[in-house]
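Let's take a walk through this model together, one feature at a time. Keep the viewer open as you read, and turn the view whenever a new residue comes up.

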Amino acid sequence: MAIQLYSEHKYMTVPPKTFPLNSPFYLFFFFPQSSTLNLKFTSTSLIPFRLLFFAISLNKVEMGLTSSLRFHRQNNKTFLGIFMILVLSCIPGRTNLCSNHSVSTPKELPSSNPSDIRSSLVSLDLEGYISFDDVHNVAKDFGNRYQLPPLAILHPRSVFDISSMMKHIVHLGSTSNLTVAARGHGHSLQGQALAHQGVVIKMESLRSPDIRIYKGKQPYVDVSGGEIWINILRETLKYGLSPKSWTDYLHLTVGGTLSNAGISGQAFKHGPQINNVYQLEIVTGKGEVVTCSEKRNSELFFSVLGGLGQFGIITRARISLEPAPHMVKWIRVLYSDFSAFSRDQEYLISKEKTFDYVEGFVIINRTDLLNNWRSSFSPNDSTQASRFKSDGKTLYCLEVVKYFNPEEASSMDQETGKLLSELNYIPSTLFSSEVPYIEFLDRVHIAERKLRAKGLWEVPHPWLNLLIPKSSIYQFATEVFNNILTSNNNGPILIYPVNQSKWKKHTSLITPNEDIFYLVAFLPSAVPNSSGKNDLEYLLKQNQRVMNFCAAANLNVKQYLPHYETQKEWKSHFGKRWETFAQRKQAYDPLAILAPGQRIFQKTTGKLSPIQLAKSKATGSPQRYHYASILPKPRTV
Ligand code: FAD
């Protein structure tokens, strides 16, 4: 069977001709408020003044007592003084954030009645605003499998809006079931950015700070946590600079990818995106605004990176930059032997002088897929290329990229030629193309536009992302690509190794315990109202078969963008690091308010007795949270 060469990049494949006309093309990969200080004298905030009055009265009584009691009185005074300082410092509000904003915590705890909770949210003094009518807009995510509307959406205009919201919910404690999900672009797959009947914070509304670029020896850019990577790229390119590490798709937010890792073909060289951050500004689950870095508040810094949104909301990030190239040489070659393919990939990522990007993908029973590379990729030898026959074999495509500027074109050609000469691909299958750097990085967006136009973007995406240790990859590939999957008709399968020795160790990201491991991403789209292999249920079962095989063969696989239903599974995902993860949760989000859609911890709710309430308010002691095992499953759309 002659291989037809296809023009589109790997995220978009053309469905077989036998598909009905309505089958998808598959895309894969992939109120303004017063700003003056405005303390509200609510009944709660008057309490300290009543206590002060009481203390002064005590002092007056004391003046009439005998000298033998003075020592005790002196101690009492000291105690009273400390007590007063403590009480005064407990006045809630933003004043301790060096802000000129007003205190916005409502006076009384509302009842757990939704309309009371709602009015308590409305009473918050914000620069941005809260909406209730458009909650359906944030009830779903890219996975498109769950519909869980929040009670409200916060459109923040400043970090103080986010801090106020968090403090308010902390103040309500377990009398409310309010949780908070920061929402980037909602490109999660399993409801991770949803907050059922809680508050979704639309991070995109947080436009401060603007994108600010600092040139110099170690250039960097300061951005808002809700900024999307494509905007950062466009802005930094104006200065001839660019972030170093990417995802395959750039319409994702900084906060969203840093909460996971941000992995693409540059990660073997620069580590994932979480490796390339100098500083973060975080609003913790207690509402505190904290600046952190490797040296300052480092525990919080490392917790948040890869922390699945559990410890705080990223409101600002400082990202390292490097000089940006103008162009890239984009190369694809094919293999029919998995060992040769993976050996070459591992060889390339181990070399000092190598390509700037190394990825790969699997083509199972898709002769139609390779039908049109010619319009954007040129075969090195067109005669040979047209004669290549795949014989229905499973093929492995190595995809590499070399960055260059026009004046370096010939030395770049020499370097890539040398690197390619060291590889063992099928000689007639060398294809290349030269495109601007930005076009290469933003490649998936082109496919997105086409799919959106056909109404095929917002379909269910039962994606599965795995991190597989090098020692298991051959066994995995043999079973999964030859036996479990009979074709990848409904989406691409990415596969490429990364070199963990260059990755920072103390983040919350969980990876296999070997220096080299592979990212294997199954990225299918389910066709609505279809049956057979494009059906959602079929694809979910297929994922389960892959997972069952990994477990039975003990391959020590970890999920990337993890999703689990039970505490036992989460504990096993974290392994020895579970205790640290849970301790960090207790330290930074003790009420388990943040990112409920990850379903790791659950906020304990229910009205407290007046005694419990008074105790928890007085001591600030956290409510205990429960783990995922007791969580209800999300309602399927
Ligand atoms: P959301 O989905 O909105 O949020 C993700 C999680 O982070 C949620 O739990 C949310 O509460 C939390 N969160 C969001 N913002 C913040 C914040 N500011 N502070 C704290 N927590 C926050 N990933 C890769 O690593 N590599 C890829 O190549 C890649 N390609 C992709 C291609 C496509 C087409 C899609 C849809 C996804 C891809 N992803 C990839 C996955 C992507 O990294 C995740 O979906 C990630 O969640 C980013 O999406 P988002 O910004 O929309 O975040």
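Start with an open sheet of 4 strands, which follow each other in the order S3-S4-S6-S5 with mixed pairing. Bear in mind as you look that this is a predicted model. At the edges of the sheet you will find S3, residues 129–131, and S5, residues 180–183; each has a single partner strand, so one side of each is left without a neighbour in the sheet. If you ignore direction, neighbouring strands here are turned against each other by 25° on average.

Now follow S5 to its partner. S5 and S6 (residues 199–202) run parallel and are joined by 4 bridges. For one of the residues involved, Ala181, the bridge partner in S6 is Val200.

The loop between S5 and S6 holds Gln197, which is worth a pause. Most residues other than glycine have a negative phi. Gln197 is not a glycine, yet its phi is positive, at about 60°. Is Gln197 buried or partly exposed? With a relative accessible area of 35%, Gln197 is partly exposed.

Leu308 gives you a second case, since its phi is also positive, near 55°, in a residue other than glycine. You can find Leu308 in the loop between helix H8 (298–304) and strand S12 (312–323). Its relative accessibility is 6%, so Leu308 counts as buried.

The ligand comes next. Around the ligand there are 34 residues, and those that come nearest are Ala182, Gly184, Ser188, Thr253 and Tyr560. Ala182 offers a polar backbone atom 2.7 Å from an oxygen atom of the ligand. Ser188 uses its side chain instead: an N or O atom there is 2.5 Å from a ligand oxygen atom. Asp248 also takes part, with a backbone N or O atom 2.7 Å from an oxygen atom of the ligand.

Turn now to the aromatic side chains. How many aromatic pairs does a search of the whole structure find? The search gives 30. In one of them, the ring centres of Tyr357 and Phe440 are 5.0 Å apart and the planes stand at 90°, so this pair is edge-to-face. It connects distant parts of the chain, 83 residues apart, with Tyr357 in strand S14 (residues 357–363) and Phe440 in helix H12 (residues 437–441). Tyr357 and Phe440 are both buried.

Another edge-to-face pair is made by Trp503 and Phe517, at 5.4 Å centre to centre and 80° between the planes. Here Trp503 sits in the loop between strand S19 (493–499) and strand S20 (516–522), while Phe517 belongs to S20 itself, 14 residues apart. Both of these residues, Trp503 and Phe517, are buried. Elsewhere, Phe311, Tyr564, Trp570, Phe574, Trp578, Phe581, Tyr588 and Phe601 come together as one aromatic cluster.

Charges meet rings as well. Return to Phe440 and you will see Arg443 over the face of its ring, 4.3 Å from the ring centre. In a similar way, the charged end of Arg118 sits over the ring of Phe132, at 4.2 Å from the centre.

Arg443 leads you into helix H13, residues 443–453, where the buried residues include Arg443, Val444, His445, Ala447, Glu448 and Leu451. An α-helix has 3.6 residues a turn, so residues three or four places apart point the same way. After H13 comes Gly455, with a positive phi near 70°.

Technical notes. Residues are numbered from 1 along each chain as its sequence is written. Side-chain values use heavy atoms; hydrogens and water are left out. Two strands pair if DSSP finds at least two bridges between them. Helices (H or I, at least four residues) and strands (E, at least two) are DSSP runs, numbered from the N terminus. Axes are lines fitted to C-alpha atoms, for helices over the stretch in contact, and angles run from 0 to 180 degrees between N-to-C directions. Buried means under 20% relative accessible area, exposed over 50%, partly exposed in between (1.4 Å probe, protein chains only). Rings of Phe, Tyr and Trp (its six-membered ring) pair if their centres lie within 6.5 Å; planes under 30 degrees apart count as stacked, over 60 as edge-to-face and the rest as tilted. A charge sits over a ring if NZ of Lys or CZ of Arg is within 6 Å of the ring centre and within 35 degrees of the ring normal. A residue is near a molecule or strand if one of its heavy atoms lies within 4 Å of it. A polar contact is a pair of N or O atoms within 3.5 Å; within protein, one must be able to donate a hydrogen and the other to accept it, and residues adjacent in sequence count only if both atoms are side-chain atoms.
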